[in-house]
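Biologist: I am new to reading protein models. Could you take me through one, feature by feature?

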Amino acid sequence: DIDIFVFGAQEMGLDSKVFGQMLKTLVGPTKYCILTHKRMSGIYIGILVKRSLVDLIPKSEISVKQTRTGIGNFYGNKGAVGVKFKIDRTSFCFINAH
């Protein structure tokens, strides 16, 4: 079984919550839950984890960041979104860059 799904999208026109629910439906709404998600303009990252792992992920260890590198580092048409977290003693970091 897969423990973690990480989805990244660029040039996305959907609302991030709608996209997250679509992903949850795709992988199995009873087996997985959305750990976190982040959208910056059209760049999106979403993390889904097995429900059985949720209690091993300290909420204080989940960090979500974005960096804009578009015109003048102001516009979010270019840049990156990232998520960092721990499961038990193992660290994970996922980045979607455009």
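Modeller: Let's start with a cysteine. At 54% relative accessibility, C93 counts as exposed. Keep in mind that this is a predicted model.

Biologist: Is the other cysteine, C33, buried or exposed?

Modeller: C33 counts as buried, because its relative accessibility is 13%. The cut-off for buried is under 20%.

Biologist: How many disulfides does the model have?

Modeller: The count is zero. To be counted, two cysteine sulfur atoms must lie within 2.5 Å. The sulfur of C93 has its closest cysteine sulfur in C33, 20 Å away, so the two are too far apart for a bond.

Biologist: Let's turn to strands. What holds a sheet together?

Modeller: Strands of a sheet pair through backbone hydrogen bonds, and they do so either parallel or antiparallel. Here, three strands make an open sheet. Their order is β1-β3-β2, with antiparallel pairing.

Biologist: Which strands stand at the edges?

Modeller: β1 (4-9) and β2 (32-40) do. Each has a single partner strand, so one side of each has no neighbour in the sheet. On average, neighbouring strands of this sheet are turned by 10° against each other, direction ignored.

Biologist: How many bridges join β2 and β3?

Modeller: Eight bridges join them, in the antiparallel sense. β3 covers residues 43-50. Take one bridge as an example: H37 has G46 in β3 as its partner.

Biologist: Where does helix α1 lie?

Modeller: Helix α1, residues 16-27, lies across β1, β2 and β3. Its direction is at about 150° to that of β2.

Biologist: Now the other pair of strands. What do β5 and β6 form?

Modeller: They form a hairpin, with two residues between them. β5 pairs with β6 (residues 90-97) in the antiparallel sense, over eight bridges. Across this pair, F85 stands opposite F92 in β6.

Biologist: What should I know about the sign of phi?

Modeller: Most residues other than glycine have a negative phi. Look for the exceptions. D88 is not a glycine, yet its phi is positive, about 60°. D88 sits in the loop between β5 and β6. It counts as exposed, because its relative accessibility is 54%.

Biologist: What is the phi of S41?

Modeller: S41 has a positive phi of about 50°, although it is not a glycine. It is found in the loop between β2 and β3. With 42% relative accessibility, S41 counts as partly exposed.

Biologist: Let's go inside. Which residues touch the most other members of the largest nonpolar core?

Modeller: That core has 13 residues, and the ones touching the most other members are L35, I47, V49, I57 and F85. β2, β3 and β5 (79-87) each supply at least two residues of this core. Apart from it lies another core, of ten residues. F19, L23, V27 and Y44 are among its members.

Biologist: What does F85 touch?

Modeller: Set aside residues up to four places away in sequence. Then the contacts of F85 include I4, L35, I47, I57 and F94. E61, T90 and S91 are also among them.

Biologist: And a polar residue? Where is N96 placed?

Modeller: N96 is in strand β6. It counts as buried, because its relative accessibility is 11%. Its side chain reaches the backbone oxygen of Y44 at 2.8 Å. Beyond residues up to four places away in sequence, N96 touches several others, including G8, Q10, I45 and V81.

Biologist: One last feature. How far apart are L56 and R89 in sequence and in space?

Modeller: They are 33 residues apart in sequence, and 9.0 Å apart in space, C-alpha to C-alpha. L56 lies in the loop between β3 and β4 (63-68). Its relative accessible area is 40%, so L56 is partly exposed.

Biologist: Leaving aside its neighbours within four places in sequence, which residues are in contact with L56?

Modeller: K86, I87 and D88 are in contact with L56. You have already met D88: it is in the turn of the hairpin formed by β5 and β6.

How values were computed
Residues numbered from 1 in each chain as written. Predicted model: local features only at pLDDT ≥ 70, side-chain atom pairs only at ≥ 80, totals over all residues. Heavy atoms only, no water. Pairing = 2+ DSSP bridges. Helix = DSSP H or I, 4+ residues; strand = E, 2+ residues; numbered from the N terminus. Axes fitted to C-alpha atoms, helices over the stretch in contact; angles between N-to-C directions. Contact = heavy atoms within 4.5 Å. Core = buried A, V, L, I, M, F, W, Y, C linked by side-chain atoms within 4.5 Å. Buried < 20%, exposed > 50% of the residue type's maximum accessible area, 1.4 Å probe, protein only. Polar contact = N/O pair within 3.5 Å; in protein donor to acceptor, adjacent residues only side chain to side chain.
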